[in-house]
Amino acid sequence: MSQTAIRCSVIRGGTSKGLYFHVEDLPADRETRDAVLLAAMGSPDPREIDGMGGAHPLTSKVAVVAKSARENADVDYLFLQVWPDRADVSDNQNCGNLLAGIGPFALEEGLIEATGDVTPVRIWMENTQTLAIAHVQTPAGKVRYDGTAAIDGVPGTHAPIPIDFLDVAGSTCGALLPTGHAVDEVNGIRVTCIDNGMPVVCIKADDLGLIGHESPSEIEANLDVLRRIEDIRLAVGPMMNLGDVTNKTVPKMTLVSTPQHGGAVDTRTLIPHRVHEAIGVFGAVSVATACLVPGSVAAEVAKINDPAEVEIEHPTGFFTVTMDVEIVDGAVVVKQAALLRTARLLMRGEVFIPELVWAGP
C-alpha cells in the first residue's frame, strides 16, 4: 500500500506530548485534515498501535503552527485533541502544555530567529484568540533543552520556559464567571464555573462523598461519582455559554479539597472523562483564579499564603501559577497570569499515513 509522508516533529510540551506540524503540510479542508491526523495517531484504537499516539489523551495531541501575519504575534498555534477511543478531532479547547513546545518548534524550524540568550516568542492561540509569550533559552542562537527546571509529572530537569498569558479571562465563555455568580447550584451540588483560559467547573470533593485525595484510578472506578459529575457537566454547558457539551472536551471538571502538602488547594481533574494524572496548564490557571474569587467553592477550601503565587496540588505534585489580580468591588480582575513549563524535542522527520486517506498536496 502506498503511503504519504508528512514532515512533523514530536515534542514533549509540559506534561503532554504531541505531533507538531506546519500548517501548509496538512490538508486545507477540515474533514481531510482530521482524517490525516487520525491516521497519523492510529485512532480510533485504545492502544493507537498503528500510529504515533500514546494511547492516552495527554499523548494524543497535535499542534499546527504557522508564521503569523498578526503584528502582535510571531507564530499562530492551533491545538487539536485526537481521541484514542473514537474518531474525533477537537479544537474546542486550548492546551497550555503543548504551548510550551511552540517556541522551540518555531525556532528549530526557522519560523523565527533567536534574538539573544533568551528569545521571547509571541504566540497567537487560535483556539481562544488570545496571546501568550514564551521565553525560550537560545544561547549561541540555538534552543537549549537541558537545565535545572523541574516540573511535577516529568522526570529529570530541563531548561525553563516561562510563559505569560495576556487577556485569557473569559476567552472561551465570554466572562471570567460565565454564569455571573461565584457559586451556582446544579443537581443539588454547589459549583463554581470559571474561565481564565480554560472553562472549568470546581466542585468540592466531599460534596460528592469523596475525600478529595483519591488516586485517579480510584475515582475512575467509582462509576456513580463519574455519572454525577457528567450529569453536572452536561447541565452547566449551556450555563457557561458552551451549548451542548455532550461531545466536547470542555468544561473540565475539577474536584477541590483542602491541601495536603502545603499548597493552596488539592485537585483531581477530569478531562473530561478520564482523571488527569496531574492538571492541565490552563485548567490550573482557572483553578488558581477560582481560589481567589470571594465566595467560590475553591476559595472555601483553599489555604492561600501568597495570592501572587498559587500552588495547585495534583495527583503527581504541584503546579505553581503566578497571578497578578485585583479585587474590585468584591470581584476578581485578572491582570496577568504566568507559569513555568519545560519542553524537549524528541524526534523530527516524517510521519506516514495511508495514501488512501490523503495523497498529499
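The following paragraphs describe the overall form of the protein, its helix α1, and several backbone features in its loops.

The structure is a predicted model, in which local features require pLDDT of at least 70 and side-chain atom pairs count only at pLDDT 80 or more, while totals for chains, interfaces and linings use all residues. Residues are numbered from 1 along each chain as its sequence is written, and side-chain values use heavy atoms, with hydrogens and water left out.

The secondary structure of the protein consists of seven helices and 17 strands; these are DSSP runs numbered from the N terminus, with helices being H or I of at least four residues and strands being E of at least two. For 361 residues, a compact globule would be expected to have a radius of gyration near 21 Å, and the value of 20 Å computed for the protein agrees with this. The radius is taken over C-alpha atoms, and the globule rule is 2.2 Å times the number of residues to the power 0.38. Along the principal axes, the C-alpha trace spans about 55 × 45 × 35 Å.

Of the 361 residues, 57% are buried, where buried means under 20% relative accessible area, exposed means over 50%, and partly exposed lies in between (1.4 Å probe, protein chains only). Among contacts with a separation of 6 or more, 63% join residues 24 or more positions apart, a contact being defined by heavy atoms within 4.5 Å. The protein exposes about 14400 Å², of which carbon and sulfur atoms supply 50%; the areas come from the Shrake-Rupley method with a 1.4 Å probe, and for residues only the protein chains shown count as cover. There are 27 positive and 47 negative side chains, and the centres of the two sets lie 2 Å apart. Lys and Arg count as positive and Asp and Glu as negative, with His and the chain ends not counted; each charge is placed at NZ of Lys, CZ of Arg, CG of Asp or CD of Glu.

Helix α1 comprises twelve residues (30-41), which should span 16 Å at 1.5 Å a residue, and its end C-alpha atoms are indeed 16 Å apart. The expected span is 1.5 Å times one less than the number of residues in a helix. The buried residues of α1 are R33, D34, V36, L37, L38, A39, A40 and M41. Their cover includes the strands β1 (3-13), β2 (16-22), β3 (61-67), β4 (75-82), β5 (89-90) and β17 (343-354). Within this helix, D34 counts as buried because its relative accessibility is 13%. The C-alpha atoms of D34 and V89 lie 6.0 Å apart, although the two residues are separated by 55 residues in sequence. Helix α1 is followed by G42, which has a positive phi near 80°.

Two residues other than glycine also have positive phi. A55, with phi near 65°, belongs to the loop between α1 and β3 and counts as partly exposed because its relative accessibility is 30%. N187, with phi of about 55°, is located in the loop between β9 (184-186) and β10 (189-195); at 54% relative accessibility, N187 counts as exposed.

Cis peptide bonds occur before P251 and before P272. The bond joining V250 and P251 has an omega of about 0°, and P251 lies in the loop between α5 (223-239) and β12 (252-257). For the bond from I271 to P272, omega is near -10°; P272 is placed in the loop between β13 (265-270) and α6 (281-291).
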